[in-house]
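Let's take a look at how one helix sits among its neighbours. Keep the picture open while you read.

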Amino acid sequence: MSELILPPACDTALKALEIDALEPGTEAEIHLRACAACREAQVMLLAQEEAPLPLVQAGYFERLPARVVGKLQTRKVGYRPSAWWMAAAAVLSVAVGTGAFMAGRANRTPLVQAEVRPAEPLTHIEAPFTDSQDELGKLQNLKPEEVRDLLNQLQTDPPKGTE
Ligand SMILES: [Zn+2]
């Protein structure tokens, strides 16, 4: 902005306006009557002066990067946990994790038993195999008269499952 070349009259008037926008002096006031650009500048300067509070202090943005960086550095140094705290936190997290794991196991053990318990339905699922094997076993253990009865029964009433 400093490279902006203003007419000397405007430059003088603007400097006077920056000092006192409301009463810049007779020389500037004469220029303001002739120069619309400087009148606009006066209006803007007056509007800024009537602002209830200055938005930022002079040089705020110029110093801002250095201030931010400085805060970050102090924060980084001030809040870095020490190695002891890191180790303690690690041990604590492991202990909590192990405890939670053991608690989960302790709580889950009955559930595991409950999940394993439906063994009866499983045998029912395998019922065709076991039943046939049981039938074969029964056949081997049958007494001769029972085998005869069974053969008679099979001849008269064939089993329906073999179809
Ligand atoms: Zn001007």
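**Helix α2 and its neighbours**

The buried residues of α2 pack against two other helices, α1 (8–19) and α3 (36–50). Keep in mind that this is a predicted model. Here's a tour, one topic at a time.

**The two sides of α2**
- Helix α2 covers residues 26–34, and its buried residues are A28, H31 and L32.
- Looking down the axis of α2, you'd find those buried residues within an arc of 105°, so they line one face of the helix.
- This fits a general rule: an α-helix has 3.6 residues a turn, so residues three or four places apart point the same way.
- Flip to the other side of α2 and you meet the exposed residues T26, I30, R33 and A34.

**The nonpolar core**
- Eight residues form the largest nonpolar core: A13, L14, A16, L17, A21, A28, L32 and C38.
- Helices α1 and α2 each supply at least two residues of this core, and α1 gives the most, with four.
- L32 belongs to this core, and, leaving aside neighbours within four places in sequence, L32 is in contact with A13, C38, R39 and Q42.

**How α1 meets α2**
- The two helices α1 and α2 pack at an angle of about 120°, and their axes are 9 Å apart.
- That angle makes α1 oblique to α2.
- As α1 passes α2, the crossing is left-handed.
- On the α1 side, the contact is made by A9, T12, A13, A16 and L17, while α2 brings A28, H31 and L32.

Technical notes: Residues numbered from 1 in each chain as written. Predicted model: local features only at pLDDT ≥ 70, side-chain atom pairs only at ≥ 80, totals over all residues. Buried ≥ 20, exposed ≤ 12 C-beta atoms within 10 Å, placed from the backbone. Arc of directions from axis to C-beta. Contact = placed C-beta atoms within 7 Å. Core = buried A, V, L, I, M, F, W, Y, C linked by C-beta atoms within 7 Å. Axes fitted to C-alpha atoms, helices over the stretch in contact; angles between N-to-C directions. Parallel < 35°, antiparallel > 145°, perpendicular 65-115°, else oblique. Left-handed = near helix turned anticlockwise from the far one by under 90°.
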